[in-house]
Amino acid sequence: MNALKLLQTTNAYKIFEGDKKNGTLSHAYLIACDDESMLDEYLSIFARSLTCESFVPCCNCRTCTLVSAKTHTDVIWYPKSTKKIVVSDIDELVEKSYYKPLELGVKVFCLSNVSSMTVQAQNKLLKTLEEPPENTFILMGATSVYPILSTVLSRVKRLDITPYPDSGIESFLVENGYEKERLNKVLTLSGGRVGEVIKRYNENDSEVAIELATNVLVNLKSSKQVAEFSAKIKKEVLKDFVSALAKLTQVSISASVKGESETAFSSAVSSILRSTSVGALIFISDKIRQAEKALYFNGNHQAVVDGLLLGILEGKFKWSK
Ligand SMILES: [Zn+2]
């Protein structure tokens, strides 16, 4: 998920863009944001903005792609091996800062959450912050600025990313395939933090997958509905959806044989058995296994979904009640 559009609405990004336009970029920025899960993505966008050929990073070119995958040779991330940035990371940074960039006109160092950086490492960084080599930028992300030494703070330009309005998060996530109705349930609880919204949204994934799978088994009746259902089965939920479907068909088949079902699924099972014959469910189980196999081999998401939905429909026709 590319958070550029969201970040562009912040004052922090506007200030940065202004610096770029006016040729007054600072050699070091501290990006302060208490939404930790988004921090690296934001750093990455600032890094793309410093390296992409277009003024607004295109997020498509080779540079942007490598930067967002954290594999560009001239955009270097720390910490390297530990969870927090330690002296050896800064030693390496200082050494690398002396070398010219290999591919680009600039070199960018991205420091993930510097709130946990050791004091020794911070002290080590001071000299580079004071006299940075030419065409070198240091981007530091921080969930809290309190653990950062005042000597560091005084040498960087601070940009604060404050919580977003709920409406801003909503339109951004809806554009990225999130369901509006379900988002609204978690938006107000998340304090304007995108990461928090996504976490809460995903927490009840399996519940949603069961609901969606039941809905498909009970209500999918014509090929005209395939597109409509297919749109609801997003890439992020596909695996959960297929597992839910497998579970539901399996418990429905055994319920029809034994005459009773696991209580957790009993209401779903009875509506499935009212609409779908056991013959159809057995046929569908086979289609589910094919979908699982395709997923295992990283089959195309849309093709897997459509194949599965058509398979369910085929089973229902062949073995109609
Ligand atoms: Zn680009």
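Where is the place of Asn-298? In this predicted model, Asn-298 sits in the loop that runs between H15 and helix H16 (301-318). Its relative accessibility is 68%, so Asn-298 counts as exposed. A useful partner for orientation is Leu-273, which is 25 residues away along the chain from Asn-298, with 32 Å between the two C-alpha atoms. Leu-273 itself is one of the buried residues of helix H14 (residues 266-275).

With that starting point in hand, the overall architecture can be described. The chain is built from 16 helices and five strands. Its radius of gyration is 25 Å, well over the 20 Å that the globule rule gives for 321 residues, so the chain is more spread out than a compact globule. Along the principal axes, the C-alpha atoms fill a box of roughly 80 × 35 × 35 Å. Of the 321 residues, 48% are buried. Among contacts with a separation of 6 or more, 72% join residues that lie 24 or more positions apart. The exposed surface of the chain comes to about 16,300 Å², and carbon and sulfur atoms supply 53% of this area. As for charge, there are 39 positive and 37 negative side chains, and the centres of these two sets lie 4 Å apart.

Helix H5 (residues 87-97) offers a clear view of local packing. Its buried residues are Asp-89, Ile-90, Leu-93, Val-94 and Ser-97. Seen down the axis of H5, these residues fall within an arc of 135 degrees, so they line one face of the helix. The elements that cover them include strand E2 (75-78), strand E3 (107-111), helix H6 (119-130) and strand E4 (136-142).

A second packing region involves helix H14, in which Ala-268, Val-269, Ser-271, Ile-272 and Leu-273 are buried. These residues pack against H11, helix H13 (235-258) and helix H15 (278-296). From the side of helix H11 (residues 205-219), Thr-214 is a good residue to follow. Thr-214 has a relative accessible area of 13% and is therefore buried. Beyond its neighbours within four places in sequence, Thr-214 is in contact with Leu-248, Ala-268, Ser-271 and Ile-272. Ala-268, Ser-271 and Ile-272 also appear among the buried residues of H14.

Lys-199 belongs to helix H10 (residues 194-203). With a relative accessible area of 47%, Lys-199 is partly exposed. Between the C-alpha atoms of Lys-199 and Val-86 there are 29 Å, and the two residues are 113 residues apart along the chain.

Some backbone details in the loops also merit a look. Most residues other than glycine have a negative phi, and most peptide bonds are trans. Against that background, the peptide bond from Tyr-78 to Pro-79 is cis, with omega near 0 degrees. Pro-79 is placed in the loop between E2 and H5. Cys-59 has a positive phi, near 65 degrees, and is found in the loop between helix H3 (36-51) and helix H4 (62-68). Phi is also positive at Asn-135, with a value near 55 degrees. This residue, Asn-135, lies in the loop between H6 and E4, and its relative accessibility of 43% makes it partly exposed.

Note on methods
Residues are numbered from 1 along each chain as its sequence is written. This is a predicted model: local features need pLDDT of at least 70, side-chain atom pairs count only at pLDDT 80 or more; totals for chains, interfaces and linings use all residues. Side-chain values use heavy atoms; hydrogens and water are left out. Helices (H or I, at least four residues) and strands (E, at least two) are DSSP runs, numbered from the N terminus. The radius of gyration is taken over C-alpha atoms; the globule rule is 2.2 Å times the number of residues to the power 0.38. Buried means under 20% relative accessible area, exposed over 50%, partly exposed in between (1.4 Å probe, protein chains only). Contact means heavy atoms within 4.5 Å. Accessible areas come from the Shrake-Rupley method with a 1.4 Å probe; for residues, only the protein chains shown count as cover. Lys and Arg count as positive and Asp and Glu as negative; His and the chain ends are not counted. The place of a charge is taken as NZ of Lys, CZ of Arg, CG of Asp or CD of Glu. The arc is that of the directions from the helix axis to the C-beta atoms.
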